[in-house]
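Colleague: Please take a close look at a single part of this model. Start from one residue, then set its surroundings in the context of the whole chain.

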Amino acid sequence: MGMSAWYGQTDEDEAIATIHRALDLGVTFLDTADIYGAQFGENEQLVGKAIATRRDEVTLATKFGNAVAEDGTRSVNGHPEYVRSAIEASLGRLNLEYVDLYYQHRVDKTVPIEETVGAMAELVAEGKVRHLGLSEASPDTIRRAHAIHPITALQTEYSLWTRDPEDEILATTRELGIGFVAYSPLGRGFLTGRFRSEDDFEDGDFRKYQPRFKGESFQRNWDLLERMQALAAEKEATPGQIALAWVLAQGGDIVPIPGTKRRTYLEENAAAAALDLTDEDLARLDELFPRGAASGDRYADMSTIDSG
């Protein structure tokens with residue numbers, strides 16, 4: 001997402017070089033969405049260009065459901081006819097015949113999930129999509145969707161400072177045999193320790209307007225992160241690597257998808273896969289960064305999250 005918008009300045013050449021470096025390092029699961037970009041579909045076009053000669057190396061996921069009208073207004077759309085138009089548009093931008101994993105990006109609370117997933121299942125039958133996914137869906141929605149067609153993956157925010165999935169979501173996905181894709185495993189970059197104040201974010205960076213990055217919440221969250229620094233130093237790792245290793249340690253069914261725009265940070269993130277946290281380390285992290293300790297809501301507007 002950050003390669004095309006919302007995280008400050010973008011650089012397409014560096015973004016493509018970063019994707020190529022990821023493939024060289026064995027990072028082959030790429031995640032995009034039609035909504036990512038200053039212009040609708042911009043990131044899909046970038047990813048399509050980057051993998052044009054390396055398609056066989058990639059497991060590619062994209063998403064639909066966050067619709068943008070001509071006047072710029074946004075809505076969540078899960079109507080069956082929209083599902084079909086969305087995949088056709090995505091495949092065109094990606095210049096592909098199929099995607100490996102197709103997510104409903106947000107649940108449309110005005111359309112029964114059975115209708116949306118039914119339309120998605122038709123795309124599997126036609127060979128345009130190989131597997132189906134949901135994002136930010138509640139346990140009830142996951143169960144209803146899975147009864148229509150197997151759901152391969154659920155994508156939801158999960159990190160040291162966002163542990164809500166531990167309440168019910170992970171139990172549900174594990175019961176049903178659904179993989180869990182953890183987005184923002186670095187807390188939108190906060191857990192890397194690179195941002196010391198709200199003023200560190202560039203103009204155009206959407207994090208400036210999110211509750212956890214503002215005022216007293218920022219300072220409280222920074223205080224939590226500072227407590228992790230000693231463990232990172234002992235492990236000869238960065239705070240971000242500790243955060244990623246923590247997510248990886250939560251189970252083999254969990255795949256974190258850290259986003260980055262640059263090769264330098266990509267290589268730092270990839271190195272976290274070789275970092276082993278002991279049971280003692282994990283217990284210490286629970287003490288240093290206890291569940292529920294992060295200050296502020298995840299988003300300024302939580303209304304599109306399916307919580308019921």
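**A glycine and the sheet beyond**

Modeller: G92 sits in helix α3, residues 80–94; helices here are DSSP runs of H or I with at least four residues, strands are runs of E with at least two, and both are numbered from the N terminus. This is a predicted model, in which local features need pLDDT of at least 70 and side-chain atom pairs count only at pLDDT 80 or more, while totals for chains, interfaces and linings use all residues. Residues are numbered from 1 along each chain as its sequence is written, and side-chain values use heavy atoms, with hydrogens and water left out.

G92 has a relative accessibility of 55% and therefore counts as exposed. The cut-offs are under 20% relative accessible area for buried and over 50% for exposed, with partly exposed in between, using a 1.4 Å probe and protein chains only. G92 lies 44 residues from G48 in sequence, yet their C-alpha atoms are 9.3 Å apart.

Another glycine, G41, belongs to the loop between β1 and α2 (42–50). Its relative accessibility is 0%, so G41 is classed as buried. Beyond the neighbours within four places in sequence, G41 touches D34, Y36 and R93, where contact means heavy atoms within 4.5 Å. From G41 to I113 there are 72 residues in sequence and 24 Å in space, C-alpha to C-alpha.

The loop of G41 follows on to the sheet, since β1 is one of its strands. The sheet is open and has seven strands in the order β1-β2-β5-β6-β7-β8-β9, paired in parallel. Its edges are β1 (29–31) and β9 (254–257), each of which pairs on one side only; two strands pair if DSSP finds at least two bridges between them. On average, neighbouring strands of this sheet are turned by 25° against each other, direction ignored. The axes are lines fitted to C-alpha atoms, for helices over the stretch in contact, and angles run from 0 to 180 degrees between N-to-C directions.

At one edge, β1 and β2 pair in the parallel sense over three bridges, with D31 opposite A61 of β2. Strand β2 covers residues 59–64, and five of its six residues are buried, so the rest of the structure largely encloses it.

Further along the order, β7 (residues 151–157) and β8 (residues 179–183) are parallel partners over five bridges. Q155 faces V181 of β8 in this pairing. T156 also lies in β7, and its relative accessibility of 6% is why it counts as buried. Leaving aside neighbours within four places in sequence, the contacts of T156 are E136, A137, P165, F180, V181, A182 and Y183.

One of those contacts, E136, is in the loop between β6 (129–135) and α5 (139–148). E136 is buried at a relative accessible area of 4% and has a positive phi of about 55°, although it is not a glycine. S184, in the loop between β8 and α7, likewise has a positive phi, of about 50°, without being a glycine. S184 is buried, at 14% relative accessibility. Most residues other than glycine have a negative phi.

That loop leads to α7, which has 20 residues, 215–234. At 1.5 Å a residue α7 should span 28 Å, and its end C-alpha atoms are 31 Å apart, which agrees; the expected span is 1.5 Å times one less than the number of residues. The helix bends by about 30° at M228, the bend being the angle between axes fitted to the seven residues ending there and the seven starting there. M228 is also among the buried residues of α7, which include F218, W222, L225 and L231. Their cover includes α8 (239–248) and α10 (279–288). After α7 comes E236, with a positive phi near 55°.

As for the whole, the protein chain has ten helices and nine strands. Its radius of gyration is 19 Å, close to the 19 Å that the globule rule gives for 308 residues, so the chain is as compact as a globular protein of that length. The radius is taken over C-alpha atoms, and the rule is 2.2 Å times the number of residues to the power 0.38. The C-alpha trace spans about 55 × 40 × 40 Å along its principal axes. Of the 308 residues, 53% count as buried. Among contacts between residues at least 6 apart in sequence, 75% join residues at least 24 apart.
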